[in-house]
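The following exercises practise the reading of helix packing and strand pairing. Please work through each task before turning to its solution.

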Amino acid sequence: MTGSMETWAAAMRAGRYDEAWDMEVATIAARDPAGRDDPALPYHRRWVWDGRPVDGRDVLVRCYHGLGDTIQFARYLPVLAARARSVALEVQPRLIPLLANLGVDEVHPFDVAAPLPPRDCDIEITELPGALRVPPDALAAPYLSWPPAALPAGTIGICHVAGDWDADRSIPADLLRPLCETRPCVMLAVGGTDLPCLNPEGCPPDMAATAALVAGVEQVVTVDTMIAHLAGAMGKPTRLLLKASPDWRWSPDARGSPWYPSIRSYVQPRPGDWPTVLADLDFHRICPP
């Protein structure tokens, strides 16, 4: 990134999108074209777009990052489809049922061992905002939907576990026990739990089943993980629990999010201080008498 990552993140958080996108364009211009989609790099570290316009071209959108990243940036697919000649989406197989109706011409499962060959224009899905120069709040949410699971009225969806690569995003499960003892709750994390949830076996590793649970709950309480993006993309009221220095897409100084209007953030005042976050969240507001 030409200019520091911190400067870019500050511009994105402040809504100075043109400034952030200009940094991205400068970074692309300074790169060696021979390093584009470099097979020597792990997928999440690759850059794909060459900086040329996507308009009127046959575009292949590659999803090289996590499930949450793909869900977050999938909002741009209909905009891309309206401007490109054709759009093919190479996406994590688990997400195909959720993203198949976003206006693209083709949807292919991403096989990390055998990616699709290049087309006229390749772009990684997280590069779409800069390529299209469309701010996130210009695109309506919800943009994903799924038939809801049959759950008791007032059920809360909870997720306390983030990815292993950033354990600081996870919270001790017992901090959510008071909520589970007051309202019916479903676990949205994969794996069993000893919390008093309606599904003590946890959420199955199936996106259709996960989306059905999210669609069926009244609201979601989650840490920063794929569940937050799924709930936000589906327009579900969500309380997002964040570590003291959150990822660039969440502002530590704002409750709301331009990415997901239904999300409200609760940030640690200091690293590791989850009890204060949960006190700020105040289960009584979630569980009225």
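A crossing of two helices is called right-handed if the near helix is turned clockwise from the far one by less than a right angle, and left-handed if it is turned anticlockwise. The model examined here is predicted.

**Exercise 1.** Describe how helix 8 and helix 9 pack, and state the hand of their crossing.

*Solution.*
Step 1. Helix 8 spans residues 207-216 and packs against helix 9 at an angle of about 60°, the two axes being 10 Å apart.
Step 2. Angles under 35 degrees count as roughly parallel, those from 65 to 115 as roughly perpendicular, and those over 145 as roughly antiparallel, while the rest are oblique. Helix 8 and helix 9 are therefore oblique to each other.
Step 3. The crossing of helix 8 with helix 9 is right-handed.
Step 4. On the side of helix 8, the residues in contact are Met207, Thr210, Ala211 and Val214; they meet Met226, Ile227, Leu230 and Ala231 of helix 9. By class, this contact comprises 7 nonpolar residues, 1 polar residue and no charged residue.
Step 5. A general rule helps in reading such lists: an α-helix has 3.6 residues a turn, so residues three or four places apart point the same way.

**Exercise 2.** Determine how many residues of helix 9 are buried, and describe what follows this helix.

*Solution.*
Step 1. A residue counts as buried under 20% relative accessible area.
Step 2. In helix 9, residues 226-233, 8 of the 8 residues are buried, so this helix is largely enclosed by the rest of the structure. The buried residues are Met226, Ile227, Ala228, His229, Leu230, Ala231, Gly232 and Ala233.
Step 3. Gly235 follows helix 9 and has a positive phi, near 75°.

**Exercise 3.** Establish the relative direction of helix 1 and helix 2, and the hand of their crossing.

*Solution.*
Step 1. Helix 1 covers residues 5-13 and helix 2 covers residues 17-30; their axes come within 7 Å and cross at roughly 150°.
Step 2. This angle makes helix 1 roughly antiparallel to helix 2.
Step 3. The crossing of helix 1 and helix 2 is left-handed.
Step 4. Thr7, Trp8, Ala11 and Met12 of helix 1 meet residues of helix 2, namely Tyr17, Glu19, Ala20, Trp21, Met23 and Glu24. The contact of helix 1 with helix 2 holds 7 nonpolar, 1 polar and 2 charged residues.

**Exercise 4.** Give the strand order of the open sheet, and explain which strands stand at the edges.

*Solution.*
Step 1. The sheet has 5 strands in the order 6-5-7-8-9, with parallel pairing.
Step 2. Strand 6 (185-187) and strand 9 (263-267) each have a single partner strand, so one side of each lacks a neighbour in the sheet; these are the edge strands.
Step 3. Strand 5, residues 156-159, pairs with strand 6 in the parallel sense over 3 bridges, and 4 bridges join strand 5 to strand 7.
Step 4. Gly157 stands opposite Val186 in strand 6. Ile158 stands opposite Met187 in strand 6 and opposite Val221 in strand 7.
Step 5. From strand 5, Ile156 and Ile158 point one way and Gly157 and Cys159 the other way, and all are buried.

Technical notes
Residues numbered from 1 in each chain as written. Predicted model: local features only at pLDDT ≥ 70, side-chain atom pairs only at ≥ 80, totals over all residues. Heavy atoms only, no water. Axes fitted to C-alpha atoms, helices over the stretch in contact; angles between N-to-C directions. Helix = DSSP H or I, 4+ residues; strand = E, 2+ residues; numbered from the N terminus. Contact = heavy atoms within 4.5 Å. Nonpolar A, V, L, I, M, F, W, Y, C, P; charged D, E, K, R; others polar. Pairing = 2+ DSSP bridges. Buried < 20%, exposed > 50% of the residue type's maximum accessible area, 1.4 Å probe, protein only.
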